[in-house]
Amino acid sequence: MKFNVVSSFAAGVLLATTICGAVYFTDDPVVTKAAAKPTKTEQKTVVQPTETEMKDKLLAAGYVVQPKAEYDKTLEAAKKAASTAANGSQKIAYRSVITVTQGMTSIDVGKMLEKAKIVPDDFKFSKDVEKKGVEKNLRPGTFVVDTEMTYDQIIATIFKN
């Protein structure tokens, strides 16, 4: 760059800075142009609904409204019912669709059955398959198994004899 261009640019920056500084320091900070218009303030009063009005609105919207004491009684009754059902001899039966593909092993099938909650232990299932000597006779396909089936029935379903 030439010296004339640089000195002209510097002189322009100095001039602009001087003008901005003069305006900044000579301007009256108290007077603002935005505050020239008077502003209107409005007060809104909100009326609180009564307890019966609130209950009626909630019931109309489909909610169940009950006092805390009644809610606690209902909750206790539900907990007692759940604990008696859990203590009973009801057993949950699981049914699952297992897809066996080419290249899977009896260990893979055992893991799938354990994940589907059909067998409690995949390692024990694999050992039972090895005891029967059918671990190499795995049939590819889709099979339906459930917890009502014994290990022998599951093995007979998934493995060739």
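**Figure 1. Salt bridges in the predicted model.** Five salt bridges are found in this structure, which is a predicted model. Three of them get a close-up in the panels below: E51 with K55, K68 with D72, and K132 with D152.

**Figure 2. A salt bridge within helix α2, between E51 and K55.** Zoom in on the side chains of E51 and K55, and you will find their closest N and O atoms 3.6 Å apart. Both residues belong to helix α2, where they sit four residues apart, so about one helical turn separates them. An α-helix has 3.6 residues a turn, so residues three or four places apart point the same way. How accessible are the two partners? E51 is exposed, because its relative accessibility is 54% and the exposed class begins over 50%. K55 is partly exposed, with a relative accessibility of 36%.

**Figure 3. A salt bridge within helix α3, between K68 and D72.** In this pair the closest N and O atoms are 3.5 Å apart. K68 and D72 are also four residues apart, this time in helix α3, with about one helical turn between them. K68 is exposed, at a relative accessible area of 60%, while D72 is partly exposed, at 33%.

**Figure 4. A salt bridge between two helices, from K132 to D152.** Here the side chains of K132 and D152 come together with an N to O distance of 2.9 Å. This pair ties distant parts of the chain to each other: K132 lies in helix α5 (residues 122-132) and D152 in helix α6 (residues 151-158), 20 residues apart. Is each partner buried, exposed or partly exposed? K132 is partly exposed, with 45% relative accessibility, and D152 is partly exposed too, with a relative accessible area of 46%.

**Figure 5. Helix α2 and a nonpolar patch on the surface.** None of the 10 residues of α2 is buried, so this helix lies largely in the open. After α2 comes G62, a residue with a positive phi, near 100°. Which residues build the nonpolar surface patch? L58, L59, Y63 and V65 make it, and the patch covers about 370 Å². Of these residues, Y63 sits in the loop between α2 (51-60) and α3 (68-87). Y63 is exposed, with a relative accessible area of 53%.

**Figure 6. The largest nonpolar core.** This core has 19 residues, and the members that touch the most others are V100, L113, F125, I154, I158 and F159. At least two core residues come from each of β1 (95-100), α4, α5, β2 and α6. The biggest contribution is that of α6, which supplies four residues.

**Figure 7. A closer look at L113 in the core.** L113 belongs to helix α4 (residues 106-115). Is L113 buried or exposed? It is buried, because its relative accessible area is 0% and buried means under 20%. Setting aside residues up to four places away in sequence, L113 touches I98, I118, V119, F125, V145, I154 and I158. One of these partners, V145, is 32 residues from L113 in sequence, yet the two C-alpha atoms are 8.7 Å apart in space.

**Figure 8. The surroundings of F125.** Which residues does F125 contact, beyond its neighbours within four places in sequence? The partners are S106, V109, G110, L113, V119, Y151, I154, I155 and F159. Among them, L113, I154 and F159 also appear in the list of best-connected core members, as does F125.

**Figure 9. T147, a buried loop residue.** T147 is located in the loop between β2 (141-146) and α6. T147 is buried, with a relative accessible area of 15%. Apart from neighbours within four places in sequence, T147 makes contact with I92, A93, Y94, K117 and I118.

**Figure 10. Stepping back to the whole chain.** The chain has six helices and two strands, and along the sequence they follow the order α-α-α-β-α-α-β-α. Of its 161 residues, 17% are buried. Among contacts with a separation of 6 or more, 54% involve residues 24 or more positions apart. The accessible surface comes to about 13600 Å², and carbon and sulfur atoms account for 59% of that area.

How values were computed
Residues are numbered from 1 along each chain as its sequence is written. This is a predicted model: local features need pLDDT of at least 70, side-chain atom pairs count only at pLDDT 80 or more; totals for chains, interfaces and linings use all residues. Side-chain values use heavy atoms; hydrogens and water are left out. Patches are made of residues with over 30% relative accessible area and no salt bridge: like charges are joined within 9 Å, nonpolar side chains (Val, Leu, Ile, Met, Phe, Trp, Tyr) within 5 Å. Accessible areas come from the Shrake-Rupley method with a 1.4 Å probe; for residues, only the protein chains shown count as cover. A salt bridge is a side-chain nitrogen of Lys or Arg within 4 Å of a carboxyl oxygen of Asp or Glu. Buried means under 20% relative accessible area, exposed over 50%, partly exposed in between (1.4 Å probe, protein chains only). Contact means heavy atoms within 4.5 Å. A nonpolar core is a set of buried Ala, Val, Leu, Ile, Met, Phe, Trp, Tyr and Cys residues joined through side-chain atoms within 4.5 Å.
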